[in-house]
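This report is a guided reading for someone who meets the structure here for the first time. It begins with confidence, moves on to the sheet and its connections, and ends with a helix and the aromatic rings.

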Amino acid sequence: MGNKSGRSKMKIAYMTPQVGLTGEWRMWYRFFDEMVKRGHEINIVTNTFSKWWTPHLDDEFEKNINKYHANKAGVLGNWSPADITFAHDTTTAYAAYTLSDKTIPVYYAQHYEELFDPNINWRLMARAAYGLPIHIMVGAVWMQKFIKKAFNRDVYLLEPGIQKIDARKYLDPTIDKFSTTEKLNAMVYFRKGKFYGMGDACRV
């Protein structure tokens, strides 16, 4: 069965421990909206629920996010058959791997997760995830290079990756960027904790 682009429709599971209402999640929700418009079916699979995506479903999350935290079946218990299963983080990467005989598992490694936890056991688990026999996709060239260097493994680069952004239009003071903007809000998140894990992870 094809959609308007001539490509086959797919059932895609997006596996994550939980959903949220932050900017990162809003970005994913708009991405899901677009995938649904293209004829694909997106199933959000978390530790506490699974739900097939409909455009702007996050508006429902915002009204009553708590009702989606009642079921404790876990991501594997909540998963439904899908052509492709995307894993959002280390823990769901392992879950997706266990489904390898039922779906195509893809670990979207958004960052090098070993850096963020002081618990050595969790860090080793995060490191080992990059060796799982599943597809790995990253969103930045530095991450692609690091995995190649540390694990001798080639991974997919999500296009357009960070290297495709033309930073000059943001840095050039001669370019008028905000004259039509009535109000500009800027938010900065600062994390006091130190980075852990491989010492060269931030120097690639």
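The pLDDT is the predictor's confidence in each residue, on a scale from 0 to 100. The model shown is a predicted one, and over the protein the pLDDT averages 79, with 70% of the residues scoring at least 70. Confidence is highest in strand β4 (residues 84–87), at a mean of 96, and lowest in helix α7 (residues 168–171), where the mean is 44. Two stretches deserve particular caution. Residues 1–5 have a pLDDT below 50, and beyond near neighbours in sequence this stretch has ten contacts in the model. Residues 161–171 also have a pLDDT below 50, and there the model shows eleven contacts beyond near neighbours in sequence. Where pLDDT is low, the predicted coordinates should not be read in detail.

**The sheet**

Seven strands make up an open sheet with mixed pairing, and their order across the sheet is β3-β2-β1-β4-β5-β6-β7. The edges are formed by β3 and by β7 (156–157), each of which pairs on one side only. Four of the strand pairs are set out below, each with its direction and its number of bridges.

| Strand pair | Direction | Bridges |
|---|---|---|
| β1 (residues 11–15) and β2 | parallel | five |
| β2 and β3 (residues 50–52) | antiparallel | three |
| β5 and β6 | parallel | four |
| β6 (residues 135–138) and β7 | parallel | two |

Individual residues help to locate these pairs in the 3D view. Between β1 and β2, M15 stands opposite V45, while N43 has W52 in β3 as its bridge partner. Further along the sheet, Y108 stands opposite M137 in β6, and V138 stands opposite L157 in β7.

**How the strands are connected**

Strand β2 (residues 41–45) is mostly covered, since four of its five residues are buried. Together with β1 and helix α1 (residues 23–37), β2 makes a right-handed β-α-β unit, and on its other side in the chain a hairpin of four residues joins β2 to β3. Elsewhere, the chain passes from β5 through α5 to β6 in a β-α-β crossover that is right-handed. From β6 the chain then crosses through α6 to β7, and this β-α-β crossover is likewise right-handed.

**The buried side of helix α5**

Which residues of α5 are buried? Among the residues of this helix, R123, A126 and A129 are buried. Because these residues cover an arc of only 115° around the axis, they lie on the same side of α5. What covers the buried residues of α5 includes α4 (90–98), β5 and β6. For R123, the relative accessibility is 12%, and R123 therefore counts as buried, the cut-off being under 20%. R123 and T90 are 33 residues apart in sequence, and their C-alpha atoms lie 9.8 Å apart in space.

**Aromatic rings**

A pair of aromatic rings is described by the distance of the centres and the angle of the planes. Searching the whole structure gives 15 aromatic pairs. One of them joins Y112 and F146, whose ring centres are 4.6 Å apart and whose planes meet at 75°, so this pair is edge-to-face; the cut-off for that label is an angle over 60 degrees. The pair links distant parts of the chain, with Y112 in the loop between β5 (104–109) and α5 (120–129) and F146 in helix α6 (residues 141–151), 34 residues apart. How buried or exposed is Y112? Y112 has a relative accessible area of 0% and is buried, and F146 is buried too, with a relative accessible area of 0%. Ring pairs also link Y14, W25, W28, Y29, F31, F32, W53 and Y108 into a cluster. Y108 thus appears twice in this account, as a member of that cluster and as the residue opposite M137 in β6.

Key:
Residues are numbered from 1 along each chain as its sequence is written. This is a predicted model: local features need pLDDT of at least 70, side-chain atom pairs count only at pLDDT 80 or more; totals for chains, interfaces and linings use all residues. Side-chain values use heavy atoms; hydrogens and water are left out. Rings of Phe, Tyr and Trp (its six-membered ring) pair if their centres lie within 6.5 Å; planes under 30 degrees apart count as stacked, over 60 as edge-to-face and the rest as tilted. Buried means under 20% relative accessible area, exposed over 50%, partly exposed in between (1.4 Å probe, protein chains only). Two strands pair if DSSP finds at least two bridges between them. A crossover is right-handed if, with the strands pointing away from the viewer, the path from the first strand over the helix to the second runs clockwise. Contact means heavy atoms within 4.5 Å. The arc is that of the directions from the helix axis to the C-beta atoms.
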